[in-house]
Protein chains: 4
Amino acid sequence: MEDLKTRRRDKNIPQTIPFDFNYDVDELKSNCENLVGYIPIPLGVAGPIPIDGNSNIHVPLCTTEGALVASVNRGCKLLRLAGGVNTVLSSDGTTRGPVINFGDIQQAHEFSKWCESTDGFTFLKHAFESTSRYGKLTQVKPRQAGKQVFVRFKAHTGEAMGMNMVSKGTLEAISKALEEHFPNGKLVSLSGNYCTDKRASAMNWIEGRGKSVIAAAVIRKDLIMQILHVPASDLLQVYTQKCLIGSTMSMCIGGANAHAANIVAAIFIATGQDPAQVIDSSYCLTLLEEIDDEHIHASVTMPCVQVGSIGGGTQLPPQKAAADMLIGNYLEEESRAERLARNIAAAVLAGELSLLGALAEGSLVRAHMALNRK
Amino acid sequence: MEDLKTRRRDKNIPQTIPFDFNYDVDELKSNCENLVGYIPIPLGVAGPIPIDGNSNIHVPLCTTEGALVASVNRGCKLLRLAGGVNTVLSSDGTTRGPVINFGDIQQAHEFSKWCESTDGFTFLKHAFESTSRYGKLTQVKPRQAGKQVFVRFKAHTGEAMGMNMVSKGTLEAISKALEEHFPNGKLVSLSGNYCTDKRASAMNWIEGRGKSVIAAAVIRKDLIMQILHVPASDLLQVYTQKCLIGSTMSMCIGGANAHAANIVAAIFIATGQDPAQVIDSSYCLTLLEEIDDEHIHASVTMPCVQVGSIGGGTQLPPQKAAADMLIGNYLEEESRAERLARNIAAAVLAGELSLLGALAEGSLVRAHMALNRK
Amino acid sequence: MEDLKTRRRDKNIPQTIPFDFNYDVDELKSNCENLVGYIPIPLGVAGPIPIDGNSNIHVPLCTTEGALVASVNRGCKLLRLAGGVNTVLSSDGTTRGPVINFGDIQQAHEFSKWCESTDGFTFLKHAFESTSRYGKLTQVKPRQAGKQVFVRFKAHTGEAMGMNMVSKGTLEAISKALEEHFPNGKLVSLSGNYCTDKRASAMNWIEGRGKSVIAAAVIRKDLIMQILHVPASDLLQVYTQKCLIGSTMSMCIGGANAHAANIVAAIFIATGQDPAQVIDSSYCLTLLEEIDDEHIHASVTMPCVQVGSIGGGTQLPPQKAAADMLIGNYLEEESRAERLARNIAAAVLAGELSLLGALAEGSLVRAHMALNRK
Amino acid sequence: MEDLKTRRRDKNIPQTIPFDFNYDVDELKSNCENLVGYIPIPLGVAGPIPIDGNSNIHVPLCTTEGALVASVNRGCKLLRLAGGVNTVLSSDGTTRGPVINFGDIQQAHEFSKWCESTDGFTFLKHAFESTSRYGKLTQVKPRQAGKQVFVRFKAHTGEAMGMNMVSKGTLEAISKALEEHFPNGKLVSLSGNYCTDKRASAMNWIEGRGKSVIAAAVIRKDLIMQILHVPASDLLQVYTQKCLIGSTMSMCIGGANAHAANIVAAIFIATGQDPAQVIDSSYCLTLLEEIDDEHIHASVTMPCVQVGSIGGGTQLPPQKAAADMLIGNYLEEESRAERLARNIAAAVLAGELSLLGALAEGSLVRAHMALNRK
């Protein structure tokens with residue numbers, strides 16, 4: 001604490017930037033060097049929203065963008081009236097992708113084949129898992145480029161988002177493999193941008209990273225009219241032309257949605273996740289489909305929700321409290337991190353429906369205004 | 001304030017989530033509905049870093065990820081010793097891309113041609129600019145898809161990031177154009193995901209959005225050894241194999257960098273920018289080139305830095321103070337928002353060099369360890 | 001001819017590879033060095049198909065893939081019964097994108113700004129157009145990357161596809177600009193992969209290259225049942241899940257179609273176009289939309305159809321005859337190359353509808369078989 | 001043959017389009033419906049080029065683009081002097097990606113999990129392989145999107161490119177699986193654009209399709225000067241700025257090369273491959289690296305070379321003869337199709353070096369001219 005005050009004085013930090021954390025500041029050293037205070041981010045709450053039978057999930061959203069909380073809240077109401085949201089977790093694993101250089105393409109080829117072999121995988125798994133109690137290596141995917149090999153390691157990381165765990169395990173596994181089996185190989189970089197971490201890549205869209213989750217609801221058309229004030233047909237038209245066609249026109253990766261990133265960013269900041277991972281954690285394919293004359297099936301498919309319930313910012317008491325709120329009650333057998341990812345998807349679904357409704361209504365209102373002017 | 005307390009009670013917000021903002025809470029209503037408190041994000045400071053002749057810029061970074069501030073700080077030291085950073089602003093404009101539906105492809109074609117004509121542009125510009133004192137429409141780019149037309153409006157928005165300004169102007173311009181000239185056209189959605197906002201798109205990578213900035217420095221190789229503890233040749237190898245080749249292997253958009261998103265996210269949160277816009281604000285092409293036997297030319301090219309110095313979260317006193325710190329002294333004739341963007345790029349350059357050095361050093365250390373074990 | 005025979009003997013070319021061109025072999029020297037004969041590609045014909053009021057267009061298709069001609073033919077029949085196809089040309093211009101290196105980012109910035117200025121454009125246009133009677137420079141689009149600048153030159157090239165014309169003009173324009181105005185700039189490569197030519201780029205999808213064309217038809221649902229043997233609703237479902245959603249899942253550029261490339265490749269080979277340009281000439285956004293209870297609106301949007309009616313392979317008599325067939329009668333004021341592009345789009349529309357029908361029917365048949373087995 | 005003559009008369013096919021195939025026309029019916037003749041494509045030959053110890057491979061190139069054969073020929077000479085090319089085959093398999101619809105996300109999830117299970121894979125493999133003697137299912141990769149599942153089937157297809165084989169096997173496997181295990185699932189389309197076939201997808205770039213091959217050579221710098229007339233340093237600069245940086249700027253998939261598509265297209269037409277598959281068969285990462293003061297390591301990495309030595313156009317005698325030329329002598333244990341893919345990569349490497357040299361030399365010449373003018 002004295003450090004902090006001295007540093008504030010030395011750096012001329014103005015008093016408008018607060019520093020009176022109401023918890024143990026010293027622990028923050030592992031989160032942030034050269035600490036001079038904190039920035040308070042307003043926290044709003046939307047919901048409740050029934051998810052997988054748990055009827056009372058509230059969504060904590062840190063935002064300074066007016067209308068976001070209200071919009072998600074309206075979506076939650078629609079989903080509540082529709083009977084709630086179901087979710088699925090389709091994949092789970094954090095990745096690290098080093099690059100290794102060899103003397104020629106034949107050596108690189110042999111290393112690749114070894115990584116894909118049972119022997120190779122067993123060796124790598126053993127070395128990897130020697131570095132952590134929780135990390136479980138599930139996949140090793142080599143890809144040769146000239147005389148280099150990029151290898152994507154994927155591991156279950158328990159309650160943690162797991163970047164550090166996977167980095168440590170990967171470093172050990174690769175180093176041992178090179179030492180014992182491929183002395184001609186040289187680890188050029190532990191991250192070869194083949195992970196990929198904190199950038200928009202097709203790799204992650206196609207392969208997934210972190211938790212891959214899907215959330216869905218079946219919604220009566222009359223509820224859409226009641227809550228969103230637009231006919232379902234208008235909602236579908238906006239959806240198709242914006243999310244499917246517009247995103248194709250502007251060539252997006254994971255961008256076939258209305259505004260998933262707004263909800264993901266707000267929850268990530270509230271719950272202590274890494275905000276730079278919003279980039280692909282917000283990849284989202286929103287799907288709306290008329291399933292019969294009276295109902296719409298709505299879903300969001302999010303392959304890269306990178307969250308943890310321990311480690312990093314999730315350790316800070318306020319962030320932890322916000323995460324607890326979003327996790328709600330959960331089954332014993334499921335991880336809290338997994339539940340977080342599922343419930344984020346449900347919140348995104350709420351946000352998607354609400355904004356699509358607003359856009360459809362905006363056009364509707366405008367059309368009426370135009371009519372009246374004439 | 002009473003609202004806030006009542007809401008906390010109703011929603012069972014735990015005391016670990018603070019609510020004692022030391023500034024006027026009522027103003028927050030325009031930033032965040034259903035306010036229940038705030039989440040404090042630790043603020044660290046890196047620097048100083050000399051930018052465009054201003055020698056004393058400090059970089060405010062909100063993060064819970066250990067090592068980030070220290071890493072950027074090390075990069076700042078290297079850039080200080082190298083004599084500082086120069087920047088360029090190559091483009092500036094916020095965009096909105098509505099989708100309009102027509103009866104057939106011929107009507108859509110006529111509308112597109114009109115948008116591209118001098119008459120059309122003049123009409124649209126007049127209508128657009130009637131809605132704001134600051135917004136100046138600079139480009140209208142239609143693209144037909146079947147019988148729909150997507151139009152990308154681009155405008156200077158002064159000190160504001162400008163999404164609301166551009167939305168308002170675009171709505172007015174399109175509505176008037178349809179009413180007066182194209183009654184068969186129907187505005188389907190004010191955002192047709194052709195803007196694009198808060199998603200990873202090639203559109204923004206290629207066309208730019210917000211401020212397009214470049215920051216560069218010339219660095220003596222011995223400084224790289226002194227500060228980063230690696231030979232320049234190792235730095236270049238890691239750079240090439242990770243940033244250029246690795247990013248190509250995993251097919252990134254704007255991902256040819258080491259970890260630009262970490263720095264951008266931390267600054268965006270500190271300075272009240274929209275964190276969902278980190279997605280493409282962190283697009284970054286890092287370039288390292290040996291320019292002679294003794295020097296490296298290092299640069300970052302960031303086409304989509306979407307920042308403002310007024311509006312949204314930048315109005316909150318702590319965020320504003322952090323933004324002031326990063327802006328530092330600036331020339332009268334340049335905008336504060338522009339200076340913010342330039343200095344963000346300089347901070348990213350610091351972060352890039354530092355992490356690339358660390359990755360190169362990590363491999364180096366590992367190679368030594370391996371040698372020793374044998 | 002004697003050369004050819006000698007070379008065949010020297011290279012041991014087997015007699016199964018024919019060499020009896022029934023036209024002037026010597027002219028071929030400008031098309032193909034080290035000539036040893038020719039490969040005959042079977043030519044089939046589909047149609048006729050009414051396009052823009054011209055009722056009798058036949059589609060020449062060079063293919064060795066069974067079923068392709070028959071499939072396009074079926075689509076032509078559907079479009080004939082539907083009353084034909086309308087087309088639109090939304091843009092036209094061939095591009096070349098050199099890369100120029102400067103001493104620092106400030107110099108590169110000044111060059112970029114100059115390219116965007118009226119003075120700069122006028123200078124470049126004058127120099128460019130001094131190299132050809134037909135090439136008309138229409139756009140110069142610089143983009144800075146560190147201390148390099150990539151510039152995309154776009155020009156109308158009359159009846160030619162125009163790569164050579166644009167290369168020549170660009171070389172002259174850039175060389176003069178550097179000599180007279182930017183002596184510190186160095187032309188590194190006349191093609192900086194910023195054109196882009198013969199590779200899959202988002203640049204071309206977003207900006208277009210060659211002819212950007214759209215073809216559309218309104219089709220009665222009962223005709224879909226009659227010709228394609230599936231209900232329109234099935235066609236729409238296959239379309240949405242394959243072309244829109246599937247292409248998003250696999251992250252395509254310009255891939256939101258059923259099999260546009262098959263038709264484009266077959267026509268390109270038949271009519272002497274450059275087959276390596278099939279890559280983006282086959283970019284196609286297929287759109288099917290129910291416009292009322294009885295009709296479907298179907299369209300293809302193809303931004304990069306790179307064709308010519310003179311130059312390259314189009315000079316060879318058989319290729320020229322095939323091109324004439326596809327061009328048919330055309331209006332005096334339009335170019336033949338433009339008409340070729342429009343009619344290619346119409347043929348693609350035929351192919352799209354037919355294959356989507358076949359896929360829908362296949363699923364239908366399979367469902368029936370499954371029912372029967374039970 | 002009589003059919004053909006009648007059809008020519010009926011369709012007014014001009015005599016300039018030849019029809020005198022000197023082989024059995026009736027067999028062509030399976031390659032091309034509505035046959036009216038053929039288009040002769042000039043065939044040139046480049047080489048020889050030593051590949052994997054076989055010193056005498058000639059490269060057949062069908063092209064109408066002047067300079068291509070000469071350019072590849074020059075590259076072959078350089079590679080000959082450098083001691084030849086080595087190749088690696090890193091993966092092999094053709095794919096088909098159907099889309100299946102379910103009643104809800106839970107059912108879709110169960111199907112996905114089943115596909116990934118040993119039981120599921122065994123079932124699918126058994127059904128798949130019941131349809132062909134040659135097709136061997138090697139991978140089943142499901143990916144859920146809402147209540148749909150896309151599944152990518154990958155199979156070895158022997159000497160055939162294998163699309164038909166894989167389609168047939170996939171249809172049988174999916175149909176059986178739905179009938180016997182997932183009666184609620186509906187096969188919407190046998191191709192869900194998740195294969196992907198004949199379009200530019202990140203999926204194929206990342207996962208590979210057909211043969212994934214790498215070809216490399218070590219080249220003395222003085223040979224580069226001797227044959228390409230440029231210093232190696234200039235070659236490297238053009239390479240880096242064009243292939244690596246330029247392709248990133250224009251956001252390519254598989255486009256980090258000089259002009260791979262030219263060579264691939266020319267060989268595909270010559271050897272009877274499917275020319276629409278040039279799109280991703282020409283995906284190529286070209287890598288040039290200085291490995292010591294005197295040598296450059298040059299390689300091409302091509303993940304999607306989709307070729308066969310039987311079936312389709314490869315059955316036609318002239319095409320077969322051209323394929324035989326490129327295959328040359330080959331080892332008993334390797335497949336001819338595999339050898340074709342490897343040798344295509346070697347030919348592409350020749351073409352890459354030659355064009356990069358020409359671009360570097362062009363800039364050089366230009367610079368000299370500029371100097372002289374002054």
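This is a short tour of selected strands, helices and one chain-to-chain interface, stop by stop. Keep in mind that the model is predicted.

**Stop 1: a sheet shared by two chains**

Select β1 and β2 in chains C and D. Together these 4 strands make an open sheet, and following the order takes you through β2(C), β1(C), β1(D) and β2(D). The pairing is antiparallel. Which strands sit at the edges? They are β2 (54-62) of chain C and β2 (54-62) of chain D, each of which pairs on one side only. Turn the view a little: neighbouring strands of this sheet are rotated by 30 degrees against each other on average, direction ignored.

Now zoom in on the chain C half. Strand β1 (residues 35-51) of chain C is joined to β2(C) by 6 bridges. To see an example of residues facing each other, pick C:Ala46, which stands opposite C:Val59 in β2(C).

**Stop 2: two helices on the sheet**

Add helix α9 (residues 260-271) of chain C to your selection. Helix α9 lies across β1 and β2 of chain C and also β1 (35-51) of chain D, at about 90 degrees to β2(C). Next, show helix α11 (residues 317-327) of chain D. This helix lies across β1 of chain C along with β1 and β2 of chain D, and runs at about 145 degrees to β2(D).

**Stop 3: strand β3 of chain C**

Move on to residues 86-96 of chain C, which form strand β3. Is this strand largely enclosed or largely open? Of its 11 residues, 8 are buried, so β3 is largely enclosed by the rest of the structure.

Its partners are worth showing too. Strand β9 (residues 210-220) of chain C pairs with β3(C) in the antiparallel sense over 7 bridges; here, look for C:Asn86 with its bridge partner C:Ala216. Strand β6 (residues 148-156) of chain C also runs antiparallel to β3(C), joined by 3 bridges. In β6(C), C:Phe153 stands opposite C:Arg96.

**Stop 4: where chain C meets chain B**

Finally, display chains B and C together. Here 34 residues of chain C contact 34 residues of chain B. The two chains bury about 2,600 Å² between them, with 60% of it on carbon and sulfur atoms. Highlight C:Ile105, C:Arg143 and C:Ile206: they supply 24% of the area that chain C buries against chain B, more than any other three residues.

How many salt bridges cross this interface? There are 4. For a close look, select B:Glu207 and C:Lys141, whose side chains meet in a salt bridge at 2.7 Å, N to O. On the chain C side, the elements that give two or more residues include β3, α3 (105-116) and β9.

How values were computed
Residues numbered from 1 in each chain as written. Chains lettered and ligands numbered in written order. Predicted model: local features only at pLDDT ≥ 70, side-chain atom pairs only at ≥ 80, totals over all residues. Heavy atoms only, no water. Pairing = 2+ DSSP bridges. Axes fitted to C-alpha atoms, helices over the stretch in contact; angles between N-to-C directions. Contact = heavy atoms within 4.5 Å. Buried < 20%, exposed > 50% of the residue type's maximum accessible area, 1.4 Å probe, protein only. Buried area = accessible area lost by both parts, 1.4 Å probe.
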